[in-house]
Amino acid sequence: MQIKLAPGKRLTRPKQIIIDYLSVKRQHITAEQLYGFLKGEQTTIGLATIYRNLNELSELGLVRRISYAGQPVFYEYCREPHAHFYCEQCHSIHDIQVPDNSIDNLKYWQGHYIKETKIELRGICEKCLKEYFIMK
Ligand SMILES: [Zn+2]
Ligand SMILES: [Zn+2]
């Protein structure tokens with residue numbers, strides 16, 4: 001994944017590895033999970049480096065942080081705007097296309113400049129609901 005930065009600027013190697021991973025896998029993962037996956041692929045990036053780079057990438061607007069109260073922060077590669085659904089049962093995160101995404105296009109509200117909007121939903125995912133009802 002070639003990322004456009006200011007002229008003369010390039011992503012550092014750890015950032016490029018992280019972006020390559022997140023953009024290909026299209027997942028929502030925690031820093032610890034990412035560390036585990038990258039370790040399996042024989043890259044030696046420490047957990048602290050992963051945390052620092054994920055934060056820097058989110059400041060660059062390349063990575064989105066998804067944080068639900070009481071849960072570790074999940075990260076994903078920034079693609080088109082979408083909402084997130086969090087399953088309280090299996091702790092998975094799902095992308096949701098909100099039919100009316102006008103909130104994503106909101107730039108100003110009563111004189112306030114809006115940098116970021118997010119819609120976060122929580123509940124029980126389809127898979128967990130099915131398991132629950134089958135068990136009963
Ligand atoms: Zn679930
Ligand atoms: Zn997502």
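Here is a friendly conversation about a predicted model of a protein, its helix packing, its nonpolar core and two of its loops.

Student: Let's start with the overall layout. Which pattern does the protein follow along the sequence?

Tutor: Happy to begin there! The protein has 4 helices and 7 strands. Read from start to end, these elements give the pattern α-α-α-β-β-β-β-β-β-β-α.

Student: What share of the contacts between residues at least 6 apart in sequence joins residues at least 24 apart?

Tutor: Two percentages help to describe the protein as a whole. Of its 136 residues, 16% are buried. Among contacts between residues at least 6 apart in sequence, the share joining residues at least 24 apart is 46%.

Student: Now the helices. How are H2 and H3 oriented, oblique or roughly perpendicular?

Tutor: Two packed helices are described by the angle between their axes and the distance between the axes. For H2 and H3 the angle is about 120° and the axes are 9 Å apart. Perpendicular pairs are those from 65 to 115 degrees, so H2 and H3 are oblique.

Student: Which residues make that contact, and what is its make-up by class?

Tutor: H2 passes H3 in a right-handed crossing. Ala31, Glu32, Leu34 and Tyr35 of H2 meet Leu47, Ile50, Tyr51 and Leu54 of H3. By class, the contact of H2 with H3 comes to 7 nonpolar, no polar and 1 charged residues.

Student: And how do H1 and H3 lie, oblique or roughly perpendicular?

Tutor: Here the angle is about 75°, with the axes of H1 and H3 10 Å apart. Angles from 65 to 115 degrees count as roughly perpendicular. H1 and H3 are therefore roughly perpendicular.

Student: How do the residues of the contact of H1 with H3 divide by class?

Tutor: On the H1 side are Pro14, Lys15, Ile18 and Ile19, and on the H3 side are Thr49, Asn53, Leu54 and Leu57. Sorted by class, the residues of the contact of H1 with H3 are 5 nonpolar, 2 polar and 1 charged.

Student: Let's look inside. Which elements give two or more residues to the largest nonpolar core?

Tutor: This core has 17 residues, and the members that touch the most others are Ile18, Ile19, Leu22, Leu54, Leu57, Val63 and Tyr75. The elements giving two or more residues to this core are helix H1 (13-25), helix H2 (31-40), helix H3 (47-59) and strand S2 (74-77).

Student: Is Leu54 buried or exposed?

Tutor: Leu54 sits in helix H3. Beyond its neighbours within four places in sequence, Leu54 is in contact with Ile18, Ala31, Val63 and Tyr75. A residue needs 20 or more other C-beta atoms within 10 Å to be buried. Leu54 has 23 of them, so Leu54 is buried.

Student: How far apart in space are the C-alpha atoms of Leu54 and Lys15?

Tutor: Along the chain, Leu54 and Lys15 are 39 residues apart. Their separation in space, C-alpha to C-alpha, is 7.8 Å.

Student: Which residues does Leu57 touch, beyond those up to four places away in sequence?

Tutor: Leu57 is one of the core members that touch the most others. Leaving out residues up to four places away, Leu57 touches Lys15, Ile18, Ile19, Leu62 and Val63.

Student: Leu62 comes up there. Is Leu62 buried or exposed?

Tutor: Leu62 lies in the loop between H3 and strand S1 (63-66). The cut-off for burial is 20 or more other C-beta atoms within 10 Å. With 20 such neighbours, Leu62 counts as buried.

Student: What are the contacts of Val63, leaving aside neighbours within four places in sequence?

Tutor: Val63 belongs to strand S1. Because Val63 has 21 C-beta neighbours inside 10 Å, Val63 counts as buried. Its contacts are Leu22, Leu54, Leu57, Ser58, Tyr75, Glu76, Tyr77 and Cys78.

Student: Now the backbone angles. What is the phi of His91, and is His91 exposed or partly exposed?

Tutor: His91 is in the loop between strand S3 (83-87) and strand S4 (93-96). His91 is not a glycine, yet has a positive phi of about 55°. With 13 C-beta neighbours inside 10 Å, His91 counts as partly exposed.

Student: Finally, is Gln110 buried or exposed?

Tutor: Gln110 is found in the loop between strand S5 (108-109) and strand S6 (112-113). Gln110 has a positive phi of about 45° although it is not a glycine. Because 4 other C-beta atoms lie within 10 Å, Gln110 is exposed.

Notes: Residues numbered from 1 in each chain as written. Chains lettered and ligands numbered in written order. Predicted model: local features only at pLDDT ≥ 70, side-chain atom pairs only at ≥ 80, totals over all residues. Core = buried A, V, L, I, M, F, W, Y, C linked by C-beta atoms within 7 Å. Buried ≥ 20, exposed ≤ 12 C-beta atoms within 10 Å, placed from the backbone. Contact = placed C-beta atoms within 7 Å. Axes fitted to C-alpha atoms, helices over the stretch in contact; angles between N-to-C directions. Parallel < 35°, antiparallel > 145°, perpendicular 65-115°, else oblique. Left-handed = near helix turned anticlockwise from the far one by under 90°. Nonpolar A, V, L, I, M, F, W, Y, C, P; charged D, E, K, R; others polar.
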